[in-house]
Amino acid sequence: MASTAPRPPGKTEEHEMSSAAVLGPTLAFLAELADDGRALEFAIGTGRVGVPLRERGVPVVGIELSEHMAAVLRRKIDEDTLPVTLGDMATTTVPGEFTLVYLVYNTISNLLTQDEQVACFRNAARHLAPGGRFVIELGVPPLRFLPPGQAAVPFDVSERHLGFDTFDLVEQILVSHHLTRDGDDGRYRRSHSRHRYAWPTELDLMARIAGLDLERRVADWDGAPLTQDSTKHISVWHKPA
């Protein structure tokens, strides 16, 4: 079963996400929305999206909480070409206005309370010029895979990795658990990450609180229609002109 959980990518998945097949539609989608304006990436990380978007001619600025990830990005591109400010995407501000603010690969789920997620929407709106757009890529909560009375859903059972998600349905918290075999001695390394999942309609309410209106919602960066079987969505909200 393929997981829709918003987990940090492993090395293999990270390589796939950086491939032309994955990045091409993402960059085309974002570049079209940015038009001739500036783009701000929340949680820019190591620059998987921000660096090639800048190379396409879109002026990009980033906000990133992790000093380590920002340092990796800095080895790819200089500060003058792609400025990055260290800080929390829900509260940190940077100078100027932007035609596009975007947040990819489920990263809003790293904010573990509804209040923090609302603050993120408000921060996006604060940076947008009138008519600008806020874009989020987020998995649809995979609760259809959760039978009554069961608290965990496996998403990967392979020779070197066991992965499953557990759910707190009251607090909307998803915890992704990983058991990864690093060598041939049979030992496994255990890790986990916590996320707050949110439904698309809940995000729309957050957007309205921030003064943004839903413009469109699709199932992927290619623009496929969203259905009840979609595992993620790309949502675009705009700031009234």
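# Strand pairs and salt bridges

Student: Which residue in β8 is the bridge partner of Asp165?
Tutor: In β8, Asp165 has Ser176 as its bridge partner. Keep in mind that this is a predicted model.

Student: What makes β7 and β8 a strand pair?
Tutor: The count of bridges. Pairing needs at least two bridges between the strands. Strand β7 (residues 161-168) is joined to β8 by 8 bridges, so the condition is met. The two strands run antiparallel.

Student: How do you know that β8 and β9 pair?
Tutor: Use the cut-off again: at least two bridges. β8 and β9 have 9 bridges, so they pair, and the sense is antiparallel. Two examples follow. Leu179 stands opposite Arg190 in β9. Arg181 faces Tyr188 of β9.

Student: Which residues take a positive phi in the hairpins of β7 and β8 and of β8 and β9?
Tutor: Between β7 and β8 there are 4 residues, and Gln172 of that hairpin has a positive phi near 60°. Between β8 and β9 there are 6 residues, and Gly186 of that hairpin has a positive phi near 85°.

Student: Why are β6 and β9 called edge strands?
Tutor: Start with the sheet. Its 4 strands follow the order β6-β7-β8-β9, the sheet is open, and the pairing is antiparallel. β6 (152-157) and β9 each pair on one side only, and that is what makes them the edge strands. Neighbouring strands here are turned by 15° against each other on average, direction ignored.

Student: Why is β8 described as mostly covered?
Tutor: Count its buried residues. A residue is buried when its relative accessible area is under 20%. In β8 (residues 173-181), 8 of the 9 residues are buried.

Student: What makes Arg133 and Glu215 a salt bridge?
Tutor: The limit is 4 Å from a side-chain nitrogen of Lys or Arg to a carboxyl oxygen of Asp or Glu. The closest N and O atoms of Arg133 and Glu215 are 3.1 Å apart, so the pair qualifies. Arg133 lies in strand β5 and Glu215 in strand β10, so the salt bridge ties together parts that are 82 residues apart in sequence. The structure holds 10 salt bridges.

Student: Why are Arg133 and Glu215 called partly exposed?
Tutor: Partly exposed lies between the limits of 20% and 50%. Arg133 has a relative accessible area of 23%, so it belongs there. Glu215 has 33%, so it belongs there too.

Student: How do you know that Glu202 and Arg196 are buried?
Tutor: Glu202 has a relative accessibility of 12%, which is under 20%, so it counts as buried. Arg196 has a relative accessible area of 7%, also under 20%, so it is buried. The side chains of these residues meet in a salt bridge, at 2.9 Å from N to O.

Student: What makes Asp204 and Arg217 a salt bridge?
Tutor: Their side chains meet at 2.6 Å, N to O, and this is within 4 Å, so the term applies. Asp204 lies in helix α6 and Arg217 in strand β10, so parts 13 residues apart in sequence are tied together. Asp204 and Arg217 are both buried.

Student: Which residues of helix α6 are buried, and what do they pack against?
Tutor: Helix α6 spans residues 200-209, and its buried residues are Pro200, Glu202, Leu203, Asp204, Met206 and Ala207. They pack against α5 (114-127), β5 (128-139), β9 (188-196), β10 (213-218) and β11 (232-238). After α6 comes Gly211, with a positive phi near 85°.

Methods: Residues are numbered from 1 along each chain as its sequence is written. This is a predicted model: local features need pLDDT of at least 70, side-chain atom pairs count only at pLDDT 80 or more; totals for chains, interfaces and linings use all residues. Side-chain values use heavy atoms; hydrogens and water are left out. Buried means under 20% relative accessible area, exposed over 50%, partly exposed in between (1.4 Å probe, protein chains only). Contact means heavy atoms within 4.5 Å. Axes are lines fitted to C-alpha atoms, for helices over the stretch in contact, and angles run from 0 to 180 degrees between N-to-C directions.
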